[in-house]
Amino acid sequence: MKTIPFQRRTLALIAVIVPLLALLVYVALRSGPLALVAVTETEVESRPIRPALYGIGTVEARYTYKIGPTFAGRVKRLDVHVGDYVKAGQLLGEIDPVDLDDRVRSQEAALKRVKAVLRESTARQSYAEAQARRYEQLFAVRSISEEVLTTKQQELQIANAALTAAREDIDSVRFDLEALRAQQENLRLIAPVDGVITLRDADPGTTVVAGQAVVEMIDPKSLWVNVRFDQVSAQGLAADLPAHIVLRSRKSETFTGRVLRMELKADVVTEEMLVKVVFDEIPVPLPPIGELAEVTVDLPALPATPTIPNAAIQRHSEQLGVWQITDGTLAFVPVTLGRADLDGAVQVLEGLRQGDRIVVYSEKALSPKNRIHIVEHLSGVLR
Amino acid sequence: MISLAGRDILHSWGKFVFTGFGLGLLIGVTLVMAGVYRGMVDDGKVLLDNSGADLWVVQKDTLGPYAESSSINDDLYRSILALPGVTHASNVTYLTMQVRMDERDVRSMVVGIVPGESWGAPGWPPYLVAGRQITRGHYEAVADVATGFKLGDILTIRRNRYTVVGLTRRMVSSSGDPMVFIPLKDAQEAQFLKDNDAIWQSRRRTEVNPAFNRPGVPGLLDAINASQASSNSVNAVLVRIAPSAVPDEVAESIRRWKRMTVYTRAQMEEILIGKLIATSSKQIGMFLVILAIVSAAIVAFIIYTLTMDKIREIAVLKLIGTRNRTIAAMIMQQALALGVIGFAVGKITATYAAPLFPKYVLLMPQDSIVGFFAVLVICALASVIAIRMALKVDPAEAIGG
Amino acid sequence: MSGKGIRINGLRKRYGEGDTAVDALKSVDMQVAPGEVVGLVGPSGSGKSTLLKCLGAVIAPTAGEMVLGDEVIYDDGWRVRDLRALRRDKIGFVFQAPYLIPFLDVTDNVALLPMLAGVPNGEARKHALDLLTALDVQHRARAVPSQLSGGEQQRVAIARGLVNRPPVILADEPTAPLDSERAMAVIRILNEMAQEYETAIIVVTHDEKIIPTFKRVYHIRDGVTHEEAGEGKGFE
């Protein structure tokens with residue numbers, strides 16, 4: 001055109017339309033199937049990993065003592081409270097005997113009575129013996145009839161039997177008395193070992209049945225953690241491995257310990273292994289029995305192999321693998337994985353070599369057709 | 001040949017471009033509305049894609065686990081795993097709830113997955129955008145970025161606290177709630193465990209029940225309490241089958257031998273898209289139709305007004321002998337140009353506005369293409385009224401009288 | 001595009017029918033030779049506008065004969081099929097208000113018709129520029145009409161009327177919005193153009209100042225024309 005009309009206007013219009021079109025093209029390329037997929041990449045490193053196992057458990061005491069009377073009674077006094085440290089042999093409390101003392105006195109009276117019976121039987125027997133001897137002599141001179149002698153001899157036998165019965169009665173009553181006295185003794189609650197009171201189940205005045213625990217105590221030295229490990233991730237678990245214990249109420253503190261033993265019986269329902277972990281040093285103050293604890297068991301470090309972050313593992317066409325970047329193009333490489341540690345590093349046994357570049361994070365599930373552009377961090381991720 | 005339409009646009013380009021922007025915003029809203037619908041459908045589809053499952057085994061006669069609640073025993077997967085054609089079977093739980101972090105809570109779907117070294121098991125987030133996958137069997141979480149959580153955040157789900165170790169993207173429930181993945185056992189606890197108050201109350205109730213608290217049987221009460229508090233249920237078993245296996249056959253054998261309800265991918269899609277979001281999508285569809293009609297009406301009105309502004313000039317053009325064809329073309333071209341500008345503005349605004357929406361808005365290229373031609377057709381139709389007006393103008397009007 | 005001017009014989013125009021019929025034009029006879037400028041004057045309602053519309057082939061007369069150049073365009077009925085092409089090619093219009101197309105610049109306003117007719121843009125614009133130069137508004141060639149003064153606009157309008165070199169130009173009150181000096185200038189231009197392009201120009205006016213400039217004036221009253229000799233004064 002020789003004469004360009006409204007040149008300024010045309011320029012202004014172009015200034016609006018061209019950016020608009022450019023923006024439209026940009027938008028069309030940025031969103032939709034043509035868009036580049038932002039990914040982050042990393043290099044496969046060869047390094048040793050230190051796998052660890054993670055489980056949760058509860059603090060338990062290895063030895064728990066439940067102390068109570070063997071005889072029904074009422075609690076008379078109880079001197080200890082939860083948390084009290086007690087020594088072996090210490091008197092913890094007493095059970096009110098109710099009618100036990102009366103029964104003891106009754107037995108004592110009974111004893112006296114059978115002793116009197118014994119004395120009576122002894123007297124009868126010695127008289128019967130003397131009579132029998134005298135009549136024997138009389139019979140020998142035939143001054144009495146044989147019938148009279150036989151009567152006297154029978155009286156002696158009866159007296160002997162009565163004496164034996166009286167003696168047995170005494171034994172019986174004495175043992176009964178001793179039994180009652182032993183019961184009296186059992187009404188005293190005595191600490192069997194050095195330990196700490198964990199439970200006080202009854203207060204003075206409470207009637208307890210035979211066998212019911214009144215106080216419960218544990219030996220604090222025997223505290224351990226009963227840990228459950230998922231069977232899927234319990235490979236390599238063994239006794240004597242070092243462990244870190246974090247108590248739920250003391251998140252910031254880590255206690256050291258070790259695996260004491262693995263239970264031979266696993267939990268069928270929850271599919272967990274049960275492991276006892278003991279503290280190297282018993283925490284002070286004592287953790288409450290039943291508190292939840294997180295336990296990390298360190299396994300021996302493994303030799304250096306190529307490792308990748310677990311976020312890089314993706315599934316594609318029925319295979320596990322990673323997306324390898326070669327000259328900016330994507331290829332899916334199936335891999336065989338080894339052990340992993342808790343920080344997300346996984347050994348690669350087959351499929352990748354040290355120095356290979358792989359995709360770690362991607363905006364969406366990848367396919368070989370995707371064109372990628374590599375970024376430092378994916379957008380939209382709050383840091 | 002001179003383009004009258006182009007020259008008119010050039011002359012009053014400010015008015016024209018502003019009108020185009022206005023129309024563009026309207027078109028943008030329409031495109032976003034279509035995107036909302038696509039997003040709803042896509043939410044359902046990604047839910048199925050991300051679960052990585054071929055079959056869903058759920059409680060008998062339920063539409064679980066997404067559309068209805070379903071509860072099955074957590075040891076069932078072992079027997080399913082033994083069936084021919086099954087390569088993977090994983091327990092999974094889904095629970096929509098408020099996940100708390102400090103003072104804030106986010107509505108999310110908490111998914112319980114089998115943790116540990118079972119890479120790529122069904123139910124796992126298939127890809128991450130930051131952090132790592134769950135390695136510990138407890139108290140770790142992978143969250144969707146839409147939750148707004150970041151790495152290292154401590155979340156509270158029921159009574160437990162979870163550390164966010166990984167972030168993923170586009171992991172949503174069918175209703176668009178972002179997902180939070182936690183280890184299965186924790187999730188089972190979260191789903192079936194009551195709160196502490198309820199546990200205390202239930203313990204007290206059990207305690208006063210003489211049947212459970214017998215003086216002569218000291219351990220009974222503890223055993224009952226423990227059994228009340230534990231849970232061995234999951235919502236579904238996700239099953240992956242061998243490439244050679246036929247989904248329907250495997251599903252049939254599970255149905256027949258395990259007496260469970262099983263859904264294949266196609267059936268699940270039917271449930272999610274056909275049942276769960278059917279009314280919502282119809283609602284959106286109605287809106288889309290209304291917006292299209294409103295847009296058409298507005299384009300018609302704009303073109304009509306622009307034409308009426310020029311009615312005198314059109315009369316002059318006719319008087320000095322301009323053909324009808326030329327005048328109609330001028331109006332039609334202007335309408336189409338308006339449509340093109342509007343579409344460009346609309347497409348751009350829709351693309352930039354889409355991520356701002358709380359729920360996913362999926363702008364599909366084919367929707368844009370259809371939208372583009374729809375806009376052109378609407379503009380062409382809308383200009384018909386204006387053209388009729390213009391052609392009815394009597395050239396004699398130009399001569400005073 | 002020289003022709004033989006325009007000739008009208010016994011032109012009649014009746015609006016409506018039956019009792020309400022109004023005869024706007026009863027008997028109109030006019031003849032304007034190429035290069036001649038004639039005035040057409042008359043009071044309001046005299047039929048001026050109707051006559052102009054008939055001449056401009058915008059409305060159809062009821063009876064009579066119109067000859068444009070050597071072509072009979074109307075003889076108790078249109079004799080040409082495409083009135084629009086007729087207007088475009090044979091008749092130039094200059095209006096009371098210039099009615100330029102506001103979104104085209106001056107050059108394109110003038111060049112519009114040839115361009116629409118398929119004349120290459122460059123050629124059409126060159127021709128337009130020639131016309132503008134002749135009318136002494138070439139310095140505003142790139143301006144849009146709204147930037148022009150009334151006189152300039154009217155000159156551009158005249159250029160547009162002339163662009164196809166029509167045998168006849170109809171000017172409807174071309175000087176109405178102008179002061180007498182500019183009005184006189186416009187009339188002078190029309191006369192010059194009529195000479196130069198051998199066009200018959202009919203100027204409808206009731207402007208007392210310019211009536212004396214015509215050599216011939218047609219008075220129209222109640223639908224009947226009377227020819228009178230004008231004063232043919234100069235334009236100063």
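Modeller: Let us start with a general idea: a charge sits over a ring if NZ of Lys or CZ of Arg is within 6 Å of the ring centre and within 35 degrees of the ring normal. The structure above is a predicted model. In it, B:Arg203 lies over the face of B:Trp200, 5.3 Å from the ring centre. In chain A, A:Arg142 lies over the face of A:Phe139, at 4.6 Å from the ring centre.

Biologist: How many aromatic pairs are there over all chains?

Modeller: Two rings pair if their centres lie within 6.5 Å, and planes over 60 degrees apart count as edge-to-face. By this rule there are seven aromatic pairs over all chains. One of them joins A:Trp323 and A:Phe332: the ring centres are 5.0 Å apart and the planes stand at 65°, so the pair is edge-to-face. Both A:Trp323 and A:Phe332 are buried.

Biologist: What is the arrangement of C:Tyr74 and C:Trp78, which form an aromatic pair?

Modeller: C:Tyr74 and C:Trp78 are also edge-to-face, at 5.2 Å centre to centre with 80° between the planes. To read the cover of each residue, recall that buried means under 20% relative accessible area, exposed over 50%, and partly exposed in between. C:Tyr74 has a relative accessibility of 3% and so counts as buried. C:Trp78 has a relative accessible area of 22%, and is therefore partly exposed.

Biologist: Which residues do ring pairs link into a cluster?

Modeller: The cluster is in chain B, where ring pairs link B:Phe343, B:Phe372 and B:Phe373.

Biologist: Let us turn to a helix. Why is helix α3 of chain C described as largely enclosed by the rest of the structure?

Modeller: The reading rests on a count of buried residues. Helix α3 of chain C spans residues 106-116, and 11 of its 11 residues are buried, so the helix is largely enclosed by the rest of the structure. Among these buried residues are C:Val106, C:Asp108, C:Asn109, C:Leu113 and C:Met115.

Biologist: What covers the buried residues of α3(C)?

Modeller: The cover includes elements of two chains, B and C. From chain B come α1 (4-11), α10 (311-319) and α11 (324-353). From chain C come α2 (83-90), α4 (121-134) and α5 (150-162). After α3(C) comes C:Gly118, whose phi is positive, near 105°.

Biologist: Which residues make the nonpolar surface patch of about 330 Å²?

Modeller: The patch is made by B:Met286, B:Ile290, B:Val294 and B:Ile298. B:Met286 lies in helix α9 of chain B, residues 278-309. With a relative accessibility of 53%, B:Met286 counts as exposed. Helix α9 of chain B also holds B:Ala292, which counts as partly exposed at 28% relative accessibility. B:Ala292 and B:Ile378 are 86 residues apart along the chain, while their C-alpha atoms are separated by 8.6 Å.

Biologist: How many salt bridges does a search of the whole structure find over all chains?

Modeller: The search finds 42 salt bridges over all chains. In one of them, A:Glu294 is joined to A:Lys251, with the closest N and O atoms 3.0 Å apart. A:Glu294 lies in strand β16 (residues 292-298) of chain A and A:Lys251 in strand β14 (residues 250-262) of chain A, so the pair ties together parts that are 43 residues apart in sequence. A:Glu294 is buried, with a relative accessible area of 15%, whereas A:Lys251 is partly exposed at 48%.

Biologist: Is A:Lys221, a partner of A:Asp219, buried or exposed?

Modeller: A:Lys221 is exposed, with a relative accessible area of 67%, and A:Asp219 is buried, with 15%. The closest N and O atoms of this salt bridge are 4.0 Å apart. In chain C, C:Arg14 forms a salt bridge with C:Asp23, and the closest N and O atoms are 2.9 Å apart. C:Arg14 is partly exposed at 39% relative accessibility, and C:Asp23 is partly exposed at 29%. Salt bridges can also share partners: A:Glu41, A:Glu43 and A:Arg357 are joined in this way into one network.

Biologist: Where is the place of B:Pro183?

Modeller: B:Pro183 is in strand β9 (residues 179-183) of chain B. Its relative accessible area is 0%, so B:Pro183 is buried. Beyond its neighbours within four places in sequence, B:Pro183 is in contact with residues including B:Gly112, B:Ile134, B:His138 and B:Glu140. B:Arg136 is another residue in contact with B:Pro183; the two are 47 residues apart in sequence and 8.0 Å apart in space, C-alpha to C-alpha.

Terms used: Residues numbered from 1 in each chain as written. Chains lettered and ligands numbered in written order. Predicted model: local features only at pLDDT ≥ 70, side-chain atom pairs only at ≥ 80, totals over all residues. Heavy atoms only, no water. Phe/Tyr/Trp six-rings, centres within 6.5 Å; stacked < 30°, edge-to-face > 60°. Buried < 20%, exposed > 50% of the residue type's maximum accessible area, 1.4 Å probe, protein only. Helix = DSSP H or I, 4+ residues; strand = E, 2+ residues; numbered from the N terminus. Contact = heavy atoms within 4.5 Å. Patch = residues over 30% accessible without salt bridge, like charges linked within 9 Å, V, L, I, M, F, W, Y side chains within 5 Å. Areas by Shrake-Rupley, 256 points an atom, 1.4 Å probe, with all protein chains shown as cover. Salt bridge = Lys/Arg side-chain N within 4 Å of Asp/Glu carboxyl O.
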